[in-house]
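The following paragraphs lead the reader through one protein chain, from a single residue outward to the whole. Please keep the sequence and the structure in view while reading.

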Amino acid sequence: MAALLLLERLSPLERAVFVLCEVFGFGFGEVAAAVGRSEAACRQLAVRARRHMDAGRARFAADRQEREELAGRFFAAFREGDVAGLRELPAADVQMVGDSGGKAPLWGTGVFGAENVARMLAAFVARFILIGGLVEPHEVNGQPGAIFRDRDGRIVNTLTLDISDGQIQTIRAVINPDKLRHLGPVADAWAVVRETNRARRPQN
């Protein structure tokens, strides 16, 4: 995916020359005939394309490292129930959305704004951990995120963070069991939520 994104930054000719040379291994004579340019021009195009790709990889790696560091800070604050820490990382207009497929609990139509998202997450995780729940930071669909498991290790949901401009723009929760089964055994999310909600109440 990263390579495809980087290729989109090349001009059409640079992209054609780069793919024919680097991916298919064609010689410059064959490439020149294919793109209708001289061999010398193709060599120059290949040099420029490699330079753009190398520069793009460096930027992509830096962006990826920044996202991972921000996600690490977010999930550290999340596990500690640190409202202040959770509030400072998302954008002011962050939104949290969920996909339940109608087969699991859902947070209404979403939660909006850094303050609301921070307070909701902090309150939830404190109770979730109290009942033995686990939050495992994990890359999900190529994005920084986490897998939530019940006390028996079954998957409750996943969470992914859309990060750009040094802030979390969107938090996406997948709770639909049909979209989680490929990760392993899936928990009864309804039962987990009921138990989590009861954990708020003082125990006699």
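**A guided reading of the chain**

Setting aside neighbours up to four places away in sequence, Phe 78 is in contact with Leu 86, Leu 121, Phe 124, Val 125, Val 135 and Phe 148. The model in which these contacts are found is a predicted one. Phe 78 also belongs to the largest nonpolar core, a set of 37 residues. Those with the most contacts inside this core are Phe 74, Phe 78, Phe 148, Ile 168 and Ile 171. Several elements supply at least two residues each to the core, among them the helices α4 (39-80), α5 (83-88) and α7 (189-198) and the strands β1 (90-99), β4 (143-149), β5 (155-164) and β6 (167-174). Helix α6 gives the most, with eight residues. In soluble globular proteins, nonpolar side chains tend to be buried together.

A second core, separate from the one just described, has ten residues and includes Val 17, Val 31, Cys 42 and Leu 45. Two of these residues, Val 17 and Val 31, also take part in the contact between helices α2 and α3.

With the cores located, the overall plan of the chain may be considered. The secondary structure consists of seven helices and six strands. Read from the N terminus, the elements follow the order α-α-α-α-α-β-β-α-β-β-β-β-α. The chain has 204 residues, of which 39% count as buried. Among contacts with a separation of 6 or more, 52% join residues that are 24 or more positions apart. The exposed area of the chain is about 11400 Å², and carbon and sulfur atoms supply 52% of this area.

How do the helices α2 and α3 pack, and at what angle? Helix α2, residues 12-23, and helix α3, residues 28-35, meet at an angle of about 145 degrees, and their axes are 10 Å apart. The crossing of α2 past α3 is right-handed. On the side of α2, the contact is made by Leu 13, Ala 16, Val 17, Leu 20 and Cys 21; on the side of α3, by Phe 28, Val 31, Ala 34 and Val 35. The residues of this contact comprise nine nonpolar, no polar and no charged ones.

Three individual residues complete the picture. Ala 49 is placed in helix α4. Is Ala 49 buried or exposed? Its relative accessible area is 0%, and Ala 49 therefore counts as buried. Apart from residues up to four places away in sequence, Ala 49 touches Leu 10, Glu 14 and Phe 18. Ala 49 and Phe 18 are 31 residues apart in sequence, yet their C-alpha atoms are 6.2 Å apart in space.

Asn 157 lies in strand β5. This residue counts as buried because its relative accessible area is 6%, which falls under 20%. Beyond its neighbours within four places in sequence, Asn 157 is in contact with Ala 146, Ile 147, Phe 148, Ala 173, Val 174, Ile 175 and Leu 180.

Arg 154 is found in the loop between β4 and β5. With a relative accessible area of 36%, Arg 154 is partly exposed. Not counting residues up to four places away in sequence, Arg 154 touches Phe 148, Arg 149, Pro 185, Val 186 and Ala 187. From C-alpha to C-alpha, Arg 154 and Asp 188 are 8.7 Å apart, with their positions 34 residues apart in sequence counted as separation. Phe 148 thus returns as a contact of Arg 154, having appeared as a contact of Phe 78 and of Asn 157.

How values were computed:
Residues numbered from 1 in each chain as written. Predicted model: local features only at pLDDT ≥ 70, side-chain atom pairs only at ≥ 80, totals over all residues. Heavy atoms only, no water. Helix = DSSP H or I, 4+ residues; strand = E, 2+ residues; numbered from the N terminus. Buried < 20%, exposed > 50% of the residue type's maximum accessible area, 1.4 Å probe, protein only. Contact = heavy atoms within 4.5 Å. Areas by Shrake-Rupley, 256 points an atom, 1.4 Å probe, with all protein chains shown as cover. Axes fitted to C-alpha atoms, helices over the stretch in contact; angles between N-to-C directions. Left-handed = near helix turned anticlockwise from the far one by under 90°. Nonpolar A, V, L, I, M, F, W, Y, C, P; charged D, E, K, R; others polar. Core = buried A, V, L, I, M, F, W, Y, C linked by side-chain atoms within 4.5 Å.
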